[in-house]
Amino acid sequence: EGSEWKYKGTNGPQDWDAIAPACGSTAQSPIDIDTGEVVPDEALHFLEYTGYDQSLAGGKIFNNGHTVQLNFPGGKEFKLSGMGFNGTYTALQLHFHWRAANSTIDGGSEHSVNEKYYDAEMHIVHIKDPYTSTDEIKNMSNGLAVIGVFLEVSDSKGDNPFYENLLDAAAQCKAKGDEFTLEKDVFPISLLPSCGSYYRYFGSLTTPPCYEAVQWTLYKNPVTISNRQLKLLQSLRVNQASSTTTTGSEAPLDGRQHGNDDDDLSDNFRPTQPLNGRVVTAFYD
Ligand code: SG4
Ligand code: ZN
């Protein structure tokens, strides 16, 4: 993954297979979920979380130029299990994908449902026990379990108090390389939708190296945040604060009409990928 992949222009999603061959393979993510084709699976049940009522305070939060990411703090256990998983998983980190403030392209969330996109999507990345590094599990179809939560702006419902400390901390990681230790409490259990319904399928990391090692779970119902809270994500920048390499007036080379300049971290989603015969199953709460 030495080459510099990006979300727009040269080395954008259309060029990722040249950077990482798996990106051109047949079980990629994200996908559009066509609910008419989803197969309810009677064997599935509620996801089971252990330790998710503990605070994420003490975890490192940082801007890596592609997203803002919070690493789960060490010394505590955050475990995921449940029907349909072959084993237990440990939470590593969470991060976000979101649309630009004045984007004119479809997206924001990575996955879509009946071709509808949400404003943002949070991913909680878990690794299969007892493994600890992505390299160890890159050839296992279920080496990672990523939980996806759709975020939707609702100004009538106002700020989401459970996301406030997290998004406020995210906004402080303004430029690539900015990082600090989360001090305020964020409880992962309270970041999840109250309805337990979800979609399930096998796919990949949505960024290079695009390993086809992810058992995906997407909550059916979105969580709402306010427009002010979405703007906290939309304030983040791609480049380091000292960088003078931005060329905001250049047209995007991939033809996509990005709403903002090239240094805006927003619109950090990959276009949906072909299903190629994969089946999406579902649990309905
Ligand atoms: C984000 O770029 C994260 O920062 C990456 O985390 C993550 O890669 C990547 O997204 C892909 O994850 O849930 N969207 S996704 O499929 O977790 C990995 C790190 O680089 C390997 C640690
Ligand atoms: Zn992600």
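## Shell around ligand 1

In this predicted model, β7 gives the shell around ligand 1 its largest share, three residues. The strand β7 covers residues 89-98. A second strand, β9 (120-128), also supplies at least two residues of that shell.

The surroundings of ligand 1 comprise 15 residues. Those that come nearest are N64, Q69, Q93, L205 and T206. Sorted by class, ten residues of the shell are polar, four are nonpolar and one is charged.

## Polar contacts and burial of ligand 1

Three side chains place polar atoms close enough to ligand 1 to count as polar contacts, for which the cut-off is 3.5 Å. For Q69, a polar side-chain atom sits 2.5 Å from an oxygen atom of the ligand. For Q93, an N or O atom of the side chain is 3.0 Å from an oxygen atom of ligand 1. T206 pairs with a nitrogen atom instead: an N or O atom in its side chain is 2.7 Å from that ligand nitrogen.

How much of ligand 1 does the protein bury? Taken alone, ligand 1 exposes 490 Å². The protein buries 81% of that area.

## Packing of α2 and α3

Two packed helices are described by the angle between their axes and the distance between the axes. Helix α2 spans residues 161-171, and helix α3 spans residues 227-234. The two pack at an angle of about 30 degrees, with their axes 8 Å apart. Angles under 35 degrees count as roughly parallel, so α2 is roughly parallel to α3. The crossing of α2 past α3 is left-handed.

## Backbone features in loops

Where are the cis peptide bonds at P30 and P130 placed? P30 lies in the loop between α1 (16-19) and β1 (32-33). The cis bond there joins S29 to P30, and its omega is about 0 degrees. P130 is in the loop between β9 and β10 (144-153). Its cis bond runs from D129 to P130, with omega near 10 degrees.

N114 adds another backbone feature. Its phi is near 50 degrees, which is a positive value in a residue other than glycine. N114 belongs to the loop between β8 (112-113) and β9. The strand β9 thus links two topics here: β9 borders the loop that holds N114, and β9 supplies residues to the shell around ligand 1.

Conventions: Residues are numbered from 1 along each chain as its sequence is written. Chains are lettered from A and ligands numbered from 1 in the order in which they are written. This is a predicted model: local features need pLDDT of at least 70, side-chain atom pairs count only at pLDDT 80 or more; totals for chains, interfaces and linings use all residues. Side-chain values use heavy atoms; hydrogens and water are left out. A residue is near a molecule or strand if one of its heavy atoms lies within 4 Å of it. A polar contact is a pair of N or O atoms within 3.5 Å; within protein, one must be able to donate a hydrogen and the other to accept it, and residues adjacent in sequence count only if both atoms are side-chain atoms. Accessible areas come from the Shrake-Rupley method with a 1.4 Å probe; for residues, only the protein chains shown count as cover. Helices (H or I, at least four residues) and strands (E, at least two) are DSSP runs, numbered from the N terminus. Ala, Val, Leu, Ile, Met, Phe, Trp, Tyr, Cys and Pro count as nonpolar, Asp, Glu, Lys and Arg as charged, and the others, Gly among them, as polar. Axes are lines fitted to C-alpha atoms, for helices over the stretch in contact, and angles run from 0 to 180 degrees between N-to-C directions. Angles under 35 degrees count as roughly parallel, over 145 as roughly antiparallel, 65 to 115 as roughly perpendicular and the rest as oblique. A crossing is left-handed if the near helix is turned anticlockwise from the far one by less than a right angle, and right-handed if clockwise.
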